[in-house]
Amino acid sequence: MSSDFPDAASLAARIPHDFTLGVATSSWQIEGSSETRGRSIWDEFAETPGRVLDGATADPACDHLAHIPEDLDLIHDLGVNAYRFSFSWPRLLHNGVGSPSAKGLDTYDRLVDGILGRGLTPFATLYHWDLPQALQERGGWLNPDSHQWFAEYAALVADHFGDRIDTVATLNEPWVSAFLGYAAGVHAPGVTNPAQSLEVFYRLMVASGYGIQALRSAGITNPGLVLNLTTVIAEDEDVTPQAHLIDGLHNRMFLDLLAGRGVPEDVQEHTQSITDWSFVTDEGLALAAEKIDWLGINYYTPIRVASVSADAGKIVGQSASVYPGVSGVSFVPHEPRTAMGWEIHAPSLTSTLVTTAERLPGVPLYITENGAAFDDVVSSEGIHDANRVAYYRDHLHAAFDAVDHGVDLRGYFAWSLFDNLEWAEGWTKRFGIVRVDADSQTRTPKDSARFLRDVFRSRG
Ligand code: FCB
């Protein structure tokens with residue numbers, strides 16, 4: 001197949017047989033139609049002045065629910081074999097618990113049937129951060145019953161969709177829910193309480209394990225979990241201990257719970273003055289260690305720390321406030337960087353995959369998100385996002401380098417299909433391979449979409 005992108009064929013030649021290729025989205029970021037569901041913590045957050053940079057709220061987002069067939073055709077046209085989306089919990093259960101919404105079930109029936117009808121495999125996520133507000137009012141993830149609410153929701157999804165879906169992730173990036181939501185307070189529910197953030201981390205992992213059990217007993221054959229993992233790099237020797245602690249809070253703590261090793265001792269030690277961890281129980285640890293069939297990794301950028309006080313400024317996810325117990329370090333991403341301020345460093349994707357495979361042996365890995373925001377230039381001839389094309393090219397190569405190192409990597413999903421509501425950044429940060437104009441709702445594939453299509457379609 002001829003391509004405008006000379007690199008496409010050599011990249012395609014590296015794609016392993018049976019590899020899953022897809023694009024990813026999430027409910028709150030694209031769906032719109034908030035009037036037909038219950039409220040979520042992100043509605044509450046986004047409607048609070050000053051929380052979202054440009055004041056964007058859930059509507060219209062990409063008005064996706066009004067465009068399901070057209071959007072699925074677009075996805076199919078990319079030559080992918082899978083689509084990763086998330087269910088909105090408050091769309092299925094307006095108050096988080098109780099009887100399901102018939103309209104919500106019907107919406108996702110249309111979506112799932114449309115995915116299958118185009119020969120694509122659905123990769124569903126139960127929780128991509130849009131907790132029903134009614135549950136937040138009952139304590140949210142700090143409520144010791146939260147794992148029960150979550151398991152009931154998981155069972156509902158499994159009972160209704162299990163005849164058509166095998167692969168379901170419980171949570172998307174519990175690190176973000178816990179630490180951006182409860183330590184830095186820059187995500188919903190906007191709390192700045194480090195002790196609570198550590199408890200939320202633990203309760204989310206318990207809920208995930210309990211959710212895995214619920215999914216499996218209701219017939220879901222391939223349940224998993226999605227974490228945002230990365231490589232932490234100490235720029236000078238003075239910060240080696242702090243970098244190790246950041247690695248603990250970002251990566252090890254999640255993988256250790258999954259692997260049955262409990263909360264890492266050094267993390268407990270360094271957070272002693274923040275919490276006594278008395279909420280941890282043997283029963284909870286056993287649930288959090290429930291076997292997963294696969295682990296999804298969302299990777300964007302490494303974390304570089306230094307002792308100099310030359311902090312790079314406000315960068316989402318990169319400040320000491322996000323890491324309870326960490327102080328006296330600066331976050332110093334190198335150039336080149338994306339519009340998020342995140343350093344572009346593909347070798348850190350390879351090292352993240354290799355290290356994760358060592359820390360959690362025997363669990364197949366997927367890259368469930370990878371991509372970049374740039375300030376696109378839109379012209380009448382299209383959107384020539386050469387920087388995003390290069391990002392995808394280099395990171396796909398880095399992923400296959402990990403395969404060459406023996407990592408059992410089964411798939412790759414680009415984040416994201418669309419420009420969408422980038423959480424607290426609103427529309428100001430665009431991650432799409434397809435441009436979406438929020439006013440006209442026009443979808444325009446960028447060069448990066450054409451590049452990925454050429455790679456995906458020319459696989460052997
Ligand atoms: C991840 C989220 C996803 C998107 C990307 C840029 O942390 O899972 O929804 O916001 O970052």
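**Close-up views of two cavities and a ligand site**

**View A. The second largest cavity is lined by Thr 25, Ser 26, Ser 27, Ile 30, Glu 31, His 64, Tyr 83, Phe 85, Ser 86 and Leu 111.** The model shown is predicted. This cavity holds about 40 Å³ of space. Helix H2 (27-30) and strand S2 (82-86) each contribute at least two lining residues. S2 has the largest share, with three residues. Tyr 83, Phe 85 and Ser 86 are the lining residues that fall in S2. By class, the lining has four nonpolar, five polar and one charged residues. Glu 31 is the charged one.

**View B. The largest cavity has a volume of about 60 Å³.** The whole structure has two cavities of 30 Å³ or more. The lining of the largest one includes four residues from the early part of the list: Ile 41, Trp 42, Tyr 127 and Trp 129. Gln 136, Trp 141, Val 176 and Ser 177 also line this cavity, as do Tyr 182, His 187, Ala 188 and Pro 189. Helix H3 (41-46) and helix H9 (174-182) each supply at least two of these residues. H9 gives the most, with three residues. Val 176, Ser 177 and Tyr 182 belong to H9. Ile 41 and Trp 42 belong to H3. The lining has nine nonpolar and three polar residues, and no charged ones.

**View C. The ligand sits in the largest pocket.** Among the residues that surround the ligand are Gln 29, His 128, Trp 129, Asn 172, Glu 173 and Asn 298. Tyr 300, Glu 369, Trp 415, Glu 422, Trp 423 and Phe 431 also belong to this shell. By class, the shell has five nonpolar, four polar and three charged residues. Glu 173, Glu 369 and Glu 422 are the charged ones. Trp 129 belongs to the ligand shell and also lines the largest cavity of View B.

**View D. Ligand oxygen atoms meet the side chains of Gln 29, Glu 173 and Glu 369.** An oxygen atom of the ligand lies 2.6 Å from an N or O atom in the side chain of Glu 173. For the side chain of Gln 29, the oxygen distance to an N or O atom is 2.8 Å. For the side chain of Glu 369, the corresponding distance is 2.9 Å. Taken alone, the ligand exposes 290 Å². The protein buries 95% of that area.

Terms used
Residues numbered from 1 in each chain as written. Predicted model: local features only at pLDDT ≥ 70, side-chain atom pairs only at ≥ 80, totals over all residues. Heavy atoms only, no water. Near = heavy atom within 4 Å. Polar contact = N/O pair within 3.5 Å; in protein donor to acceptor, adjacent residues only side chain to side chain. Areas by Shrake-Rupley, 256 points an atom, 1.4 Å probe, with all protein chains shown as cover. 1 Å grid on protein atoms, 1.4 Å probe; cavity = no way out; pocket = protein on both sides within 12 Å on 5 of 7 lines; lining within 4 Å. Sits in = over half its atoms within 2 Å of the grid points. Nonpolar A, V, L, I, M, F, W, Y, C, P; charged D, E, K, R; others polar. Points joined across faces, edges and corners; volume = space filled by probe spheres on them. Helix = DSSP H or I, 4+ residues; strand = E, 2+ residues; numbered from the N terminus.
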